[in-house]
Amino acid sequence: TGVEGLDEMLGGAGFYRGTSILVSGTAGTGKSSMAATFADAACRRGERCLYFAFEESPQQIIRNMRSIGIDLEQWMDAGNLQVRAERPYRYGLEEHQLRMQQAVQDFEPHVVVVDPLSNLREMGGVRETKHTLTQLVDFLKSRQVTALFTDLTQAGTASEQTQSRISSLMDSWLLLRDAERDGERNHLLYVLKSRGMAHSRQLREFRMTTDGLELVDVYMGEEG
C-alpha cells in the first residue's frame, strides 16, 4: 500500500493483486493522499499505474502530493505513471466507462486509481452509476489489474454509506474518519473488510507528514 503500518494491518503483505479496493471518508480525511501513496508504491516497484482524476488537474495533484513528500512527477517523466484528468460533466457515464477501458487497454497498467467516484455520481442516478462501475470493476478484474477507488461520505450520515453505493463490489474497504481531541482534528482509519485475508480490526490514527503517511503506534494502557 505504500504505508508500512497499513500493510501490517493486512497480514503484512498488503492487498491481493487484481482486487478492488475502496477508500471512503468525508472531505479532508486523506482519501486522495492514500490514493497517491498507493500509486507511488506501485511505481517504486517498477509497475505502471493509470490514475483517473475527476476533481483535480495533474498539476494540482503533483503540487498537493509534494506537501506530503510524494513526487509523482518523477514517475510521469519515467513513463510509469499516467494521469488522466477529466471533468465528469464532459461525457455521460457510458462514454466515461468506454474511455477508461480504452486507456487501460492502451497503457496496460498493473494498478488503476479512480479519484473520486462520487464525482461520477453527478452524471447519473445511483442505479445507473452502480451498473457502470460494476462493468468497470469486472473489466479490471478480468485483466488482473489492482484498482483503488476513492468515494465520499457525507458528514452526518452513516460512515459506512458511500455516495456511490458500490461498497458491495469491493474486495477491501478502508474507512477514513476525523476525530476531535485536545483541540485538534486527528485522522483515523480502519479496515472495514478485506476478503480472503486476516486483517486487523483496530482503529488506527495516521498522520500526513512531509515524509508521507504514517500510522501512529497503538497506545497500550495498564490493562493492555
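1. Let me start with N186, which counts as buried at 6% relative accessibility in this predicted model. The residue sits in strand 7, which covers residues 184–194. Leaving aside residues up to four places away in sequence, N186 touches R177, D178, A179, R181 and E205. If you have the structure open, this is a good place to begin.

2. From N186 it is natural to move on to E205, one of the residues that N186 touches. E205 belongs to strand 8, residues 204–209, and is buried too, with a relative accessible area of 14%. With residues up to four places away in sequence again not counted, E205 touches R181, N186, H187, L188, E214, L215 and V216. R181 is worth picking out here, since it appears among the contacts of N186 and also among those of E205.

3. Now to helix 2, which runs over residues 31–44 and has 14 residues. From its first C-alpha to its last it reaches 20 Å, close to the 20 Å expected at 1.5 Å a residue. Of those 14 residues, 12 are buried, so helix 2 is largely enclosed by the rest of the structure. The buried residues are K31, S33, M34, A35, A36, T37, F38, A39, D40, A41, A42 and C43. Please note that K31 and D40 are on that list. Just after the helix, G46 takes a positive phi of about 85°.

4. Which residues make up the aromatic pair? The count comes to 1 aromatic pair. Its members are F15 and F38: their ring centres are 6.3 Å apart and their planes stand at 70°, and because an angle over 60 degrees counts as edge-to-face, that is how this pair is classed. F15 lies in the loop between helix 1 (4–9) and strand 1 (20–25), while F38 is in helix 2, so the pair ties together parts that are 23 residues apart in sequence. Both partners are buried: F15 has a relative accessible area of 15%, and F38 has one of 6%.

5. Helix 5 (93–107) deserves a point of its own. Its 15 residues should span 21 Å at 1.5 Å a residue, and the end C-alpha atoms are indeed 21 Å apart. The buried residues of this helix are L93, H96, Q97, M100, Q101, A103, V104 and F107. Seen down the helix axis, they fall within an arc of 155°, so they line one face of helix 5. E94 and D106, on the other side of the helix, are exposed. What covers the buried residues includes strand 2 (49–53), strand 3 (81–85), strand 4 and helix 6.

6. Which elements give two or more residues to the lining of the largest cavity? The count is 1 cavity of 30 Å³ or more, and the largest cavity has a volume of about 40 Å³. Its lining is made by L93, H96, Q97, M100, L120, T132, L133 and L136. The elements giving two or more residues to that lining are helix 5 and helix 6. Helix 5 gives the most, with 4 residues. L93, H96, Q97 and M100 therefore turn up twice in this note, as buried residues of helix 5 and in the cavity lining.

7. Next come some backbone details to look at. Most residues other than glycine have a negative phi, and most peptide bonds are trans. E108, which follows helix 5, has a positive phi of about 50° although it is not a glycine. E108 is found in the loop between helix 5 and strand 4, and is partly exposed, with a relative accessible area of 46%.

8. Q144 is another residue to check: its phi is positive, about 55°, although it is not a glycine. The residue is placed in the loop between helix 6 and strand 5 (146–152). Q144 is exposed, with a relative accessible area of 54%.

9. Last, a peptide bond. D115 and P116 are joined by a cis peptide bond, with omega about -10°. P116 is in the loop between strand 4 (111–115) and helix 6 (126–142).

Conventions
Residues are numbered from 1 along each chain as its sequence is written. This is a predicted model: local features need pLDDT of at least 70, side-chain atom pairs count only at pLDDT 80 or more; totals for chains, interfaces and linings use all residues. Side-chain values use heavy atoms; hydrogens and water are left out. The expected span of a helix is 1.5 Å times one less than its number of residues. Buried means under 20% relative accessible area, exposed over 50%, partly exposed in between (1.4 Å probe, protein chains only). The arc is that of the directions from the helix axis to the C-beta atoms. Contact means heavy atoms within 4.5 Å. Rings of Phe, Tyr and Trp (its six-membered ring) pair if their centres lie within 6.5 Å; planes under 30 degrees apart count as stacked, over 60 as edge-to-face and the rest as tilted. On a 1 Å grid over the protein atoms alone, a cavity is a set of points where a 1.4 Å probe fits but cannot get out, and a pocket is an open set with protein on both sides within 12 Å along at least five of seven lines; lining residues have an atom within 4 Å of a point. Grid points are joined across faces, edges and corners, and a volume is the space filled by probe spheres set on the points.
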